[in-house]
Amino acid sequence: MKKTFSKSLFKTMFTSAIALGAAATPATAFAQNYDALINDTELQIEGLTAQQSALFAQLSEAYAQIEDLSTQADALVAAIQADETAIADFQTQIESLEEKIAAREELLNEQARAVQVSGGSTNYLNYVASSKDVSDFVGRLDVVRKMVDANKDLLTLQQEDMEAVEASKAQVENTRQDKINKVSELEAVRSDLSAQAAEQEAVYNQLSNDITLAAQHRDALIQEKAAYEEAQRIAAEQAARAAAEAQAAAEAQAAAIAEAQAIAEAEAQAAAEAQAAAEVAMAEAAEAQALANAEASVDQTAVDSAAVEAQATAEAAVAQAAEAVLEAQANLEVAQTEVAPTVATEEIVAEDGSVAYVETEVATPEVDTTAQEAAVAEAEAAQAAAQAQLEQAQAEAQAAAEAQAQQAAQAEAQAQSEAQAAAAAAEQRAAEAQAQAEAAQAQAATAQANANALIANAEKYLGTPYVWGGKTPSGFDCSGFVQYVFNETYGINVGGWTGEQQHAGTQISVADAQPGDLYFWGDNGSTYHVAIATGGGNYIHASQPGTPLEYNNTQWFTPQFAVRVNR
């Protein structure tokens, strides 16, 4: 009985078994029963291995049958070759007998012709008639009869030999044809067995491939289980800080949602700061101008004070000289007054208490006024000298004031020039800061638009089935999904598996990830899962067989690091 297998049917059954096993698990990777999944995968591997072993036994039996048929066919081919050799020998014998028969027939024909030509029959009769007695007659007659019979027997024997050889040849040829027919039948059976073996080998190889895939799936589940348990352990250790981390996650989510607005506000703040810097620079220039003006005013005040002080000194000297002149004149007048007679007044009281006053002229001695006049002249000379000194001080003060005013004008012009240069530099810095702010704002807007385009393309494939090794919209695995979306959005190839994709950009922390960045699970160099960040700790990924593409959040399944892809 022939045993045949349908490779496509077997693959369908295997895929269905995987899909049903996966569909029976929870929808999210973090909540799945890893032990049950791993056990189911082990059972699938055992079942496939048992089928492979049974198929191997069938293949071994088929190979043994093919070998036995080959041995029989080889023996028949050798027998056919022996029959062909025998047929060739028979053919040689037939040809030899035919030559002998032909030669004997020619001899008999010659004897017959000789008898006919020379009267052979008469000779036979004469030979018999010349017998001496009856016994001799009988003997001679027997000789003649034997000669004739011998010729007849020889011809008969040769004919019988010919017939026997031809019969043997026909028998060998029939046997040879039977063997040829048997070889054909064996070849047909062997061809049929070889076709079955080839089909069984294809199924065997498919079983080997399916076992390999199942083993890879099991290993991935084991690794994912270890990662999940590690994440759970870390979560348990951080239980005391759960509230703070939740708050931080909420703040991070709010920050991520408002990130574009924050960038715009930051750029506006940068522009405002640049404007403020320009205003500060202008204020500094104005302050420098005011300081220069103040310094000039102080210098002018100092000059004016010196001039006033000098003038005051000179005026004091003039006043002192004038006072001396006045004093000398007063002394002179006193001296002149002392030379005139003096009237004295005397008070007289009467008996009745009344009072009367009596004036009496008193004689005054003569006084020399030469000294007083000299003092007056000296005082007047001192007054003139003081007046000259006052006028000289006023002239010097005027000259100093004019020089100081010129210096102040020069200082004011220099301060004005420096203030204008500072204002121009501040305006230049403000313009550069504004340009940088606008460029940064445009870059942020472009980056946000690119991230939005990437996420929009990624969201198109939500609900796409998970296919191990899948890289097309008919089915994705985690790395195939990332590769396809980045190529579709930016026209770049980030690699077809997580080991390549983790080197497609700059590694950053999970907290610093922005929309469009990649989350990775596993240590650097041994990653096993990847997802596209969408902001706020959310991400899109292809998680596992039986679960279509979906959203998830880092607080439930936490990645180890992130990567900002070079574009």
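In the predicted model, Phe 486 is in contact (heavy atoms within 4.5 Å) with Leu 454, Gly 491, Ile 492, Val 494, Gly 516, Leu 518, Ile 532 and Val 565, when its neighbours within four places in sequence are left aside. A second, separate core of 18 residues includes Leu 69, Leu 76, Val 183 and Ala 197, where a nonpolar core is a set of buried Ala, Val, Leu, Ile, Met, Phe, Trp, Tyr and Cys residues joined through side-chain atoms within 4.5 Å, and buried denotes under 20% relative accessible area, exposed over 50% and partly exposed the range in between (1.4 Å probe, protein chains only). In the largest nonpolar core, which has 22 residues, Phe 486 is among those that touch the most other members, together with Phe 481, Val 482, Val 485, Leu 518 and Ile 532. Two or more residues of this core are given by each of helix H7 (370-459), helix H8 (478-490), strand E6 (518-521), strand E7 (529-535) and strand E10 (561-565), helices (H or I, at least four residues) and strands (E, at least two) being DSSP runs numbered from the N terminus. The largest share of this core, 5 residues, is supplied by H8.

The model is predicted, and local features were accepted at pLDDT of at least 70 and side-chain atom pairs at pLDDT 80 or more, whereas totals for chains, interfaces and linings use all residues. Residues are numbered from 1 along each chain as its sequence is written, and side-chain values rest on heavy atoms, with hydrogens and water left out.

Strands E6, E7 and E10 also belong to an open sheet of 6 strands, ordered E5-E10-E6-E7-E8-E9 with antiparallel pairing, two strands being taken as paired if DSSP finds at least two bridges between them. Because E5 and E9 stand at the edges with a single partner strand each, one side of each is left without a neighbour in the sheet. On average, neighbouring strands of this sheet are turned by 35° against each other, direction ignored, with axes taken as lines fitted to C-alpha atoms (for helices over the stretch in contact) and angles running from 0 to 180 degrees between N-to-C directions. E6 and E10 run antiparallel and are joined by 3 bridges, and within this pairing Phe 520 has Phe 561 of E10 as its bridge partner. H8 packs on the sheet, where it touches E6, E7, E8 and E10, and its direction makes about 50° with that of E7.

On the other side of E6 in the strand order, E7 is followed by E8 and E9. E7 is joined to strand E8 (residues 538-541) by 3 bridges in an antiparallel arrangement, with Ala 533 partnered by Tyr 539 in E8. The hairpin of E7 and E8 has 2 residues between the strands, and Gly 536 takes a positive phi near 70° there. E8 in turn pairs with strand E9 (residues 550-553) in the antiparallel sense over 4 bridges, and Tyr 539 has Asn 552 of E9 as its bridge partner.

Beyond H8, Gly 495 lies in the loop between H8 and helix H9 (498-501) and, at 7% relative accessibility, counts as buried. Apart from residues up to four places away in sequence, Gly 495 touches Gln 483, Glu 500 and Gln 501. Its C-alpha atom is 8.8 Å from that of Val 482, the two residues being 13 apart in sequence.

Salt bridges, defined by a side-chain nitrogen of Lys or Arg within 4 Å of a carboxyl oxygen of Asp or Glu, number 5 in the model. Arg 564 forms one with Asp 517, the closest N and O atoms being 2.9 Å apart; this pair links distant parts of the chain, with Arg 564 in E10 and Asp 517 in the loop between strand E5 (505-508) and E6, 47 residues apart. Arg 564 is partly exposed, with a relative accessible area of 30%, whereas Asp 517 is buried, with a relative accessible area of 2%. Within helix H4 (residues 134-237), Arg 233 and Glu 230 lie 3 residues apart, about one turn of the helix, and their salt bridge has its closest N and O atoms 2.4 Å apart. A further salt bridge joins the side chains of Arg 218 and Asp 219 (3.3 Å, N to O), and these two residues are linked with Glu 42 in a network of salt bridges.
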